[in-house]
Amino acid sequence: MSDQERLAVVSGAIRCFPDFPLQGINFRDITPVLKDPSAFNAAIDLFENHLRTNYPKIDLIAGLDSRGFLFGPSLAQRLGIGFVLIRKKGKLPGPTESVSYSLEYGKAELEIQSDAVDPGQKVVIIDDLLATGGTMSAACELMSRIKAEILDCLVLIELTSLKGADKLRPYRVHSLLQYD
């Protein structure tokens, strides 16, 4: 199957729910991708092809809480590398590094275990959705603080009208699907 065919399978599995959770928002639902092994495998294939084409060496995949945990471990297994968790504050045992960031209506914090990534390791960060870029930007800041080399930020869906990728510069963003 070609990458275009894989992308069509993934795109065909995404559902749109207008006016959810608020009037005027088109919610892009990824749960059918998770339910359909063909769509899920196509998504992992596309991520894997992108990474193998662009990066000769990757040490770790870092997944964002919580949907990055759905795609990241499968991708890491395909690449024969490790997977690490970036979680909401208070969810990881042992010493952690944390970063706080602003949300639309408040603040949040992300954490990683202090020994999860060695300085200089080459890391790819993955999540399901890039909207305003706040959470992914915080993850990049966290990885920078622990001196990881961020190769790429992968997402299944990018909401381009919210310009989250602009907020992530100079880091690269690779999205499988883009919507306004």
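**Entry 1. Loop between S1 and S2**

I began with Asp19, which is placed in the loop between S1 and S2. The model I am reading is a predicted one. I looked up the backbone of Asp19 and found a positive phi of about 60°, although Asp19 is not a glycine. Its relative accessibility is 38%, so I logged Asp19 as partly exposed.

Pro21 lies in the loop between S1 and S2 as well. I checked the peptide bond from Phe20 to Pro21 and noted it as cis, with omega near 0°. I wrote both entries down because most residues other than glycine have a negative phi, and most peptide bonds are trans.

**Entry 2. Other backbone entries**

I then went to Lys163, in the loop between S8 and H6. Lys163 is not a glycine, and its phi is positive, near 55°. I looked up the accessibility of Lys163 and got a relative accessible area of 52%; with the cut-off for exposed at over 50%, Lys163 is exposed.

I also checked the peptide bond from Arg169 to Pro170, which is cis with omega near 15°. Pro170 sits in the loop between helix H6 (164–167) and S9.

**Entry 3. Helix H1**

Which residues of helix H1 are buried? I found Arg6, Val10 and Ala13 in this helix, which covers residues 3–13. Looking down the axis of H1, I noted that these buried residues fall within an arc of 65°, so they line one face of the helix. On the face of H1 turned away from the buried side I found the exposed residues Gln4 and Gly12.

I next asked what the buried residues of H1 pack against. The list I wrote down is strand S1 (15–18), S2, helix H2 (31–35), helix H3 (37–54), S8 and strand S9 (173–179).

**Entry 4. Arg6 and Asp45**

I singled out Arg6, which lies in helix H1. Its relative accessible area is 16%, and the cut-off for buried is under 20%, so Arg6 counts as buried. Leaving out residues up to four places away in sequence, I listed Met1, Ala42, Asp45, Leu46 and Asn49 as the residues that Arg6 touches.

From there I moved to Asp45, in helix H3. With residues up to four places away in sequence not counted, Asp45 touches Arg6 and Arg78. I also took a distance: Asp45 and Leu34 are eleven residues apart along the chain, and their C-alpha atoms are separated by 14 Å.

**Entry 5. Strand S8 and Leu151**

How many of the eleven residues of S8 are buried? I counted ten, so S8 is largely enclosed by the rest of the structure. I looked up its pairing with S7 and found the parallel sense, over eight bridges. Asp127 has Val155 of S8 as its bridge partner.

I picked Leu151 in strand S8 for a closer look. Leu151 is buried, at a relative accessible area of 12%. Not counting residues up to four places away in sequence, I found that Leu151 touches Tyr55, Lys57, Ile58, Lys122, Val123, Val124 and Arg172. For Leu151 and Ile58 I noted a C-alpha to C-alpha distance of 8.0 Å, with their positions 93 residues apart in sequence.

**Entry 6. Ser98**

I turned to Ser98, in strand S5. Ser98 is partly exposed, with a relative accessible area of 24%. Apart from neighbours within four places in sequence, I have Ser98 in contact with Lys89, Glu109, Leu110, Glu111, Leu142 and Arg145. I also recorded Ser66 against Ser98: the two are 32 residues apart in sequence and 16 Å apart in space, C-alpha to C-alpha.

**Entry 7. Largest pocket**

I closed with the largest pocket, for which I noted a volume of about 1,300 Å³. It is lined by 39 residues, and the closest to its centre are Leu129, Ala131, Thr132, Leu159 and Leu162.

Which elements each supply at least two residues of the lining? I wrote down strand S2 (26–29), strand S5 (96–103), strand S6 (106–113), strand S7 (122–130), helix H5 (134–145) and strand S8 (149–159). I then sorted the lining by residue class and got 18 nonpolar, ten polar and eleven charged residues.

Methods:
Residues numbered from 1 in each chain as written. Predicted model: local features only at pLDDT ≥ 70, side-chain atom pairs only at ≥ 80, totals over all residues. Heavy atoms only, no water. 1 Å grid on protein atoms, 1.4 Å probe; cavity = no way out; pocket = protein on both sides within 12 Å on 5 of 7 lines; lining within 4 Å. Points joined across faces, edges and corners; volume = space filled by probe spheres on them. Helix = DSSP H or I, 4+ residues; strand = E, 2+ residues; numbered from the N terminus. Nonpolar A, V, L, I, M, F, W, Y, C, P; charged D, E, K, R; others polar. Buried < 20%, exposed > 50% of the residue type's maximum accessible area, 1.4 Å probe, protein only. Arc of directions from axis to C-beta. Contact = heavy atoms within 4.5 Å. Pairing = 2+ DSSP bridges.
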